[in-house]
Amino acid sequence: MWEYSERVKDHFFNPRNVGSLEDANAVGEVGSLACGDALKLYLKIDPDTQKIVDARFQTFGCGSAVASSSALTEMIKGKTVEEALLITNQDIADYLGGLPKEKMHCSVMGKDALEAAIACYRGEPAPKELLDGELVCECFGVTDKEIREVARENKLTTIEEVTNYTKAGGGCGLCHDKIEKILDEIRAELRQSQAKAAAAPKVMTNIQKIARIQEVIDKEIRPSLQKDGGDLELIDLDGAKVKIVFRGLCSSCPSSSLTKAGIEAKLQELVHPELVVEEVTA
Amino acid sequence: MRVIYLDNNATTAVAPEVFEAIKPFLQERYGNPSSMHFFGGSVSREVTKARENLADLLGVTPGEIIFTSGGTESDSTAILSALSTLPDRKEIVTTRVEHPAVLNLCKHLARFKGYTVKWLSVDKEGMLDLDEVRNAISDRTAIVSIMWANNETGVIFPVEQIAEMAAEHGALMHTDGVQAVGKIPINLKNTAINFLALSGHKLHAAKGIGALYLRKGTRFQPFIIGGHQEHDRRAGTENVPGIVGLGKAAELAKQNLEEESSRVRSLRDRLQEGIMSQVQFARINGSLNDRLPNTLNIGFEFVEGESILLKLDELGICASSGSACTSGSLEPSHVLRAMGVPFTCVHGSIRFSLSRYNTQEEIDFVISQMSVIIGSLRAMSPFGQDKISSACIVQ
Ligand SMILES: Cc1ncc(COP(=O)(O)O)c(C=O)c1O
């Protein structure tokens with residue numbers, strides 16, 4: 001049995017705003033019988049104030065699916081459409097005092113239904129339909145765009161987390177390689193943006209630069225050299241010239257020029273784009 | 001709150017008689033059965049008695065019983081032993097509806113050890129096609145591993161007949177009897193079955209004790225290697241309290257099997273009829289004829305199993321579901337899927353499994369609650385509203 005919070009249980013056993021809304025002017029529908037959960041969200045939006053004056057739901061699904069739907073309707077009532085769209089799936093989970101991690105996809109379903117309903121109100125296609133992309137998980141019909149979006153928003157890093165939030169990969173498991181590739185791409189993006197942020201203060205003093213270069217060498221470069229029996233030492237920094245000396249097996253290794261290019265690229269990426277590496281004999 | 005326990009295929013209550021029998025072995029009678037002194041020797045005699053009782057329940061001789069840590073260990077022991085004693089045969093025949101103890105082991109053997117697994121399918125009722133079974137077994141088959149009764153649906157397979165087919169090809173026959181032992185009469189003496197796995201906690205003994213029946217004359221390779229216990233067939237100091245308890249449970253099962261199973265069957269049938277007559281859009285999963293007397297698996301359309309379980313739980317009623325949401329994985333029951341149960345019904349499937357300790361009053365209470373629970377969840381569901389409401393008008 002799952003460990004559900006008291007609020008989840010309360011919203012499951014006493015769901016708020018159940019049913020359909022006769023005069024709804026926005027309806028969002030996500031999920032299916034085959035997937036094991038589905039949510040139909042009805043909103044009544046005042047066209048003058050853009051306020052959500054009433055919200056109802058019908059849900060087929062587990063305890064946390066019902067609770068997430070119930071919580072969502074409570075959270076959006078009285079909000080303007082713009083305010084409501086700021087709600088994230090994490091907000092829904094937080095409102096409920098947390099959800100078991102395997103059930104986070106229920107909160108994502110809530111957010112998706114809300115976006116679909118508002119798109120319906122605005123006469124736009126549902127955002128999920130726009131997320132056409134490439135089908136990654138055939139069992140649950142999840143596309144790469146959808147995985148990317150949820151993974152970025154919730155900072156997901158493992159296949160298991162992606163499954164918990166989107167269900168993708170939770171069926172036959174054949175798409176795990178594809179999900180891993182998407183995660184790799186997201187990680188690479190993240191590294192680049194971090195590197196940019198790190199490289200941003202271009203006016204570093206020489207001492208700061210040396211310290212940063214030393215850090216990158218120690219953390220990113222030496223461990224892999226040492227694995228092959230080599231090593232590297234930072235000798236000096238002269239303007240943009242990083243003077244290094246190879247030690248151990250690297251000093252006689254013909255690929256050291258290759259290694260040098262790799263080190264240069266790393267330092268340019270992580271410290272300063274103008275750095276060049278120069279091998280010296282010590 | 002009172003508990004109405006209808007999840008006996010998951011685990012059972014330890015019988016009070018079993019508890020009494022175990023107690024001294026957790027207290028003053030702590031000797032090691034392998035010891036030379038009287039203190040240990042007297043314990044050894046109790047282990048012997050337990051072995052005799054269990055052998056009696058299965059219609060076999062005590063020398064054919066090996067105590068293990070449970071159903072899973074017994075399954076692994078049997079299958080791996082067969083593969084190593086028949087090294088030239090690289091095929092395994094099993095079904096798509098086995099318990100993970102067999103299913104995942106076979107997947108592992110196929111994926112990492114180079115064995116070919118012939119997966120037998122089942123029909124809508126959960127039954128095997130015996131022609132398909134016959135065709136799958138060949139001189140390349142090392143072991144045929146087919147469960148006696150299914151834990152989710154209670155469907156019973158004709159394993160005695162299949163054992164004959166295996167024997168014709170010199171293949172070994174293993175059956176996972178975890179759900180069958182203690183629930184239906186079993187007599188292995190005149191069968192061609194080589195191995196049978198059973199588990200204590202499914203028949204009112206403790207958890208962590210089980211046994212493997214190993215037919216006399218079957219070549220054997222132990223799974224756990226070490227000391228000389230169990231005649232060199234399963235090393236490790238005996239789980240004496242577990243064994244004594246299992247012996248007692250076997251004795252009780254043997255004594256009361258006939259009378260109890262007919263009483264349990266009539267309660268199960270009462271539950272079945274009660275629910276089916278009051279709840280629309282429900283279907284029974286699994287053959288009505290070849291089924292354990294204690295098991296009832298029902299699929300409720302337009303509702304999801306975990307929601308049903310939560311509502312039952314609030315009333316103190318314990319059952320289980322083949323719904324994806326109740327397991328760690330997102331895949332609904334592989335058993336119901338293999339039977340081709342429509343998705344609309346798999347997610348809303350509930351298994352009730354009874355025991356000798358259930359009463360008619362309990363069953364009647366559950367019947368009275370089921371239609372309320374299903375009704376309230378359907379009222380919340382976006383599906384089938386038109387169907388459900390029109391059905392109500394017809395009624
Ligand atoms: C059919 C079947 N086989 C094997 C097992 C595993 O038995 P144990 O829990 O004793 O390892 C079970 C119990 O869940 C079962 O139902």
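**Cysteines, a small open sheet and a covered strand**

Hi everyone, let me start with one pair of residues: Lys243(A) sits opposite Glu278(A), which belongs to β8(A). Please keep in mind that we are looking at a predicted model.

So where does that pair belong? Strand β7 of chain A, residues 241-248, pairs with β8(A) in the parallel sense, over 4 bridges. Step back a little and you find an open sheet of 3 strands in chain A, in the order β6-β7-β8, with mixed pairing. The edges are β6 (230-238) and β8 (276-279) of chain A; each has a single partner strand, so one side of each is left without a neighbour in the sheet. On average, neighbouring strands here are turned by 35° against each other, ignoring direction. There is a helix to look at too: α10 of chain A, residues 206-227, lies across β6 and β7 of chain A and runs at about 165° to β6(A).

Now over to chain B, and to strand β3, residues 91-95. How many of its residues are buried? The count is 5 of 5, so to speak a mostly covered strand. As a reminder, in a regular strand the side chains alternate between the two faces of the sheet. In β3(B), one side carries Glu91(B), Val93(B) and Thr95(B), the other Ile92(B) and Thr94(B), and all of these are buried, leaving both faces covered.

Which strands does β3(B) pair with? One of them is β4 of chain B, residues 116-120, which runs parallel to β3(B) and is joined to it by 5 bridges. Within that pairing, Glu91(B) has Thr116(B) as its bridge partner. Another is β5 of chain B, residues 141-145, again in the parallel sense, over 4 bridges. There, Thr94(B) is matched with Ser145(B). If you trace the chain from β3(B) through helix α4 of chain B, residues 100-112, to β4(B), you follow a right-handed β-α-β unit.

Last topic: the cysteines. How many disulfides are there over all chains? The count comes to 0. Cys106(A) is a nice case to check. The closest cysteine sulfur to its own is in Cys62(A), at 3.9 Å, and that is too far for a bond, because a disulfide needs the two sulfur atoms within 2.5 Å. Cys106(A) is also buried, with a relative accessible area of 1%, whereas Cys120(A) is partly exposed, at 37%.

That's my tour. Thanks for listening!

Technical notes
Residues are numbered from 1 along each chain as its sequence is written. Chains are lettered from A and ligands numbered from 1 in the order in which they are written. This is a predicted model: local features need pLDDT of at least 70, side-chain atom pairs count only at pLDDT 80 or more; totals for chains, interfaces and linings use all residues. Side-chain values use heavy atoms; hydrogens and water are left out. Buried means under 20% relative accessible area, exposed over 50%, partly exposed in between (1.4 Å probe, protein chains only). Two strands pair if DSSP finds at least two bridges between them. Helices (H or I, at least four residues) and strands (E, at least two) are DSSP runs, numbered from the N terminus. Axes are lines fitted to C-alpha atoms, for helices over the stretch in contact, and angles run from 0 to 180 degrees between N-to-C directions. Contact means heavy atoms within 4.5 Å. A crossover is right-handed if, with the strands pointing away from the viewer, the path from the first strand over the helix to the second runs clockwise.
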